[in-house]
Amino acid sequence: LVIIPNGIDVHLEVFPKKKAIIELSRITRCPSLFSAHFIIGTTANFYKNKGIDTFIEAMKVLKEKGVIKEHHIFFLIIGDGEERLHLEKMLHAYNLEKECCMPGKLADASKYMSIFDIFVIPSRKEGLPFVLLEAATARVPVIATRVGGIPEMLQNEQNGILINPESPEELATAIEKLNPKPDLQKKLSGALLNTVSQKYTQEAMAKDTAALYRAVSE
């Protein structure tokens, strides 16, 4: 068995943060993006395995503790899918509709990745999510669950923060840990970009694939 991990173009086009905010405010109904001091979110298909409900539960914890108001946090969840109605009901039930926007699917969503101060992957199940590579190229710090191939790429508190799946309290604590610490955010995002640049590039993926073909044809 040979494992060849996903690869990405580390020079993938990403809008500067200010432009990402302007463009997303223009094409979505998320006016609060301009007034937010800190934007936390994710990009995902709204399936149960993606754990967006866990993310919303973590928002509820942060709101009850006063963290959202204190730090002017805004949540952005880009995507769509079968769980959308359920997630919208959760936001309404927890009175989070003013603090969170779900604008739907966006073409070339990776271009807007710089808008996030923290990127969250709350999945119950994963392989090696390509969006994790996209967050790395955008130099965004990541909080992700210990599932699938994610722990092969992320080392806890070295190039990201790992949490257990279906753990809203743990996710909320991780967000609190990163939120007021720009130096830690920069350290983790820089280390993650370094990991991707060394092991998860398109060139590395192509080289390893070609080497495998040569090996089995000899």
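Q: Which residues have the most contacts inside the largest nonpolar core?

A: Happy to start there, with the reminder that this is a predicted model. A nonpolar core is a set of buried nonpolar residues joined through their side chains. Here the largest one has 39 residues, and L33, L76, I115, F116, F119, L132 and V142 have the most contacts inside it.

Q: Which element gives the largest share of this core?

A: Helix 5 does, with five residues. Among the other elements that give two or more residues are helix 1, strand 2 (73-78), strand 4 (118-121) and helix 8 (182-199).

Q: What is L132 in contact with, leaving aside its neighbours within four places in sequence?

A: L132 is in contact with I121, V142, I150, M153, L154 and L192. A second core, separate from this one, has 33 residues, including F38, F55, I68 and M90.

Q: Now the cysteines: how many disulfides does a search of the whole structure find?

A: Look for two cysteine sulfur atoms within 2.5 Å. The search finds one such pair: C30 is joined to C101, with 1.8 Å from S to S. This disulfide links distant parts of the chain, 71 residues apart, with C30 in the loop between helix 1 and strand 1 and C101 in strand 3.

Q: Why is the disulfide called left-handed?

A: Because the torsion about its S-S bond is about -60°.

Q: Are C30 and C101 buried or exposed?

A: Buried means under 20% relative accessible area. C30, at 1%, is therefore buried, and C101, at 10%, is buried too.

Q: Where is the cysteine sulfur nearest to that of C100?

A: That sulfur belongs to C101 and is 7.1 Å away; C100 is in no disulfide. With a relative accessible area of 6%, C100 is buried.

Notes
Residues numbered from 1 in each chain as written. Predicted model: local features only at pLDDT ≥ 70, side-chain atom pairs only at ≥ 80, totals over all residues. Heavy atoms only, no water. Helix = DSSP H or I, 4+ residues; strand = E, 2+ residues; numbered from the N terminus. Buried < 20%, exposed > 50% of the residue type's maximum accessible area, 1.4 Å probe, protein only. Core = buried A, V, L, I, M, F, W, Y, C linked by side-chain atoms within 4.5 Å. Contact = heavy atoms within 4.5 Å.
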